[in-house]
Amino acid sequence: ETWRFGLEETEGSVQYSYAEEFKKMIEEKSEGDITVQLLPYGSWGSNYTALYDAIQNGSIQIGFGSGFLGGTVPESQLMSLNFVMPNDQLQTAQILNSDEFLKSDPWQQSFRERDLVPLAALPEGYQVWTANKEIRTPEDMQGLQIRVMDNSLLRKTYQAYGASPITIAYGELYSALQQGQAEGNIQPVFAHENMGFYEVQDYMIFADQSQFIANLIGNLDWYEGLSDEQRQTLDTTLDEMVQKGHDIQTQFNTERLDTIKEKSDINIIKLTDEERAKFRELAKPVRQVYVDLVGERGKQSLDILLEQIKQSQSGNQD
Ligand code: 6CS
């Protein structure tokens, strides 16, 4: 049988490379029983809702859902909260893929109620700002028409920073930046390179405010219909992909930053801890905004996540 795998990103991206590894492992382990077909950005339609709809109705079995998934699974906006995840990106991947979080009732139900099942989470690197001016303080961000993915929580977050966030489709973003319709952008480094966004922006600002996190989701009926053997193949592959996904994103983001530096004279800024603290302060009340937006079940997921982070960090100090 064939598992169709829908991607929110094009070839040369973290999602594509993750999916290639996933395909290799599933096909090897299943010894020909399963074929994985990769469907990169654009091949399944023109907007992300079409991809999520296709996974919900089972015409595509698995795929990635990140920022735009908030319209389909509001609770998934948890992944967009700023200043919440551990700074250590591997630790973030491990927590988000732990049974304690991923298999918890509230998180599972948020997806299952919409005919989906959360299979894994893939951190794709830190979200890096770009603009045509220097941004070090919330004042610098005042009124900036920065493009965010289409979810309420991200809009609220950037409004809290003082910006005037706008939403534009991923495929239309390059020309929007070029024409000044959008004045700023937020992407992991590899995407700034992969989509050429850096060519039309003057400053790249590392604030380490959040990581880009994609949910790997499956169609619920498809998942429930897997044989024991197929389930086993899927589970062991997903386990191995936690470290592999981390290795892929680390390599992509490191190498692509070098490419950007080679090919452009973009100014690179790294915020100091003091500068970050101002944004952190403004992001704090947005946790409550998340709860107000998505309700009690979302609050439970946030609490489980915060508890897991706390435990892993106290573990670090031993
Ligand atoms: O900004 C976006 O819309 C897209 N960026 C990336 C890096 N992946 C998918 C996402 O939807």
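**Two domains, two sheets and a ligand between**

Start with Asp115, which counts as partly exposed because 17 C-beta neighbours lie inside 10 Å. The scale has three steps: a residue is buried if 20 or more other C-beta atoms lie within 10 Å of its own, exposed if 12 or fewer, and partly exposed in between, with C-beta atoms placed from the backbone. The model is predicted, so local features need pLDDT of at least 70 and side-chain atom pairs count only at pLDDT 80 or more, while totals for chains, interfaces and linings use all residues. Residues are numbered from 1 along each chain as its sequence is written.

Asp115 sits in the loop between H5 and E4. These labels are DSSP runs numbered from the N terminus: helices are H or I with at least four residues, and strands are E with at least two. Asp115 is not a glycine, yet its phi is positive, about 60°. Glu31 also has a positive phi, near 50°, and is a residue other than glycine. Find Glu31 in the loop between helix H1 (14–29) and E2. Is Glu31 buried or exposed? With 8 C-beta neighbours inside 10 Å, Glu31 counts as exposed.

Now step back to the whole chain. Its domain assignment gives domain 1 (2–123 + 212–253) and domain 2 (128–209 + 265–316). Such bounds come from an automatic or database domain assignment. The centres of the two domains, taken over C-alpha atoms, are separated by 22 Å. Each domain brings 35 residues to the contact. On the side of domain 1 that touches domain 2, helix H3 (89–96), helix H4 (99–102), helix H5 (105–112) and helix H11 (228–263) each give two or more residues. H5 gives the most, with four residues. By class, this side of domain 1 has 14 nonpolar, 19 polar and two charged residues. Contact here means that the C-beta atoms of two residues, placed from the backbone, lie within 7 Å. Ala, Val, Leu, Ile, Met, Phe, Trp, Tyr, Cys and Pro count as nonpolar, Asp, Glu, Lys and Arg as charged, and the others, Gly among them, as polar.

Where does the ligand lie? Domain 1 and domain 2 both give residues to the shell around the ligand, so the ligand lies between them. The shell consists of Glu8, Glu9, Ser66, Gly67, Phe68, Met149, Tyr170, Gln187, Pro188, Ala191 and Phe212. A residue belongs to this shell if its C-beta atom, placed from the backbone, lies within 6 Å of the molecule. Six shell residues are nonpolar, three are polar and two are charged.

Next come the sheets. Strands of a sheet pair through backbone hydrogen bonds, either parallel or antiparallel. Two strands count as paired if DSSP finds at least two bridges between them. One open sheet has five strands in the order E2-E1-E3-E10-E4, and its pairing is mixed. Strand E2 (35–39) and strand E4 (116–126) are its edges, each pairing on one side only. Neighbouring strands are turned by 20° against each other on average, direction ignored. Inside this sheet, strand E3 (residues 62–65) and strand E10 (residues 211–219) pair in the antiparallel sense over four bridges. Gly63 stands opposite Ile217 in E10. H3 packs on the sheet and touches E4 and E10, and its direction makes about 175° with that of E4. For these angles, axes are lines fitted to C-alpha atoms, for helices over the stretch in contact, and values run from 0 to 180 degrees between N-to-C directions.

Another open sheet has four strands in the order E8-E5-E9-E11, again with mixed pairing. E8 and strand E11 (267–270) stand at the edges with a single partner strand each, so one side of each has no neighbour in the sheet. The twist from one strand to the next averages 20°. Strand E5 (residues 128–131) runs antiparallel to E8, joined by four bridges. Ala131 has Gly184 in E8 as its bridge partner. E5 also runs antiparallel to strand E9 (residues 203–206), with three bridges. There, Thr130 is matched with Met204 in E9.

Follow strand E8 (residues 184–187) closely. Gly184 and Ile186 point one way, Asn185 and Gln187 the other way, and all are buried. Gln187 is one of the residues around the ligand. Pro188 comes in the loop between E8 and helix H9 (189–194). Pro188 counts as buried because it has 22 C-beta neighbours inside 10 Å. Leaving out residues up to four places away in sequence, Pro188 touches Glu124, Gly125, Tyr126, Gln127, Val128, Phe212 and Asn253. Its C-alpha atom is separated by 9.9 Å from that of Ser210, 22 residues apart along the chain.
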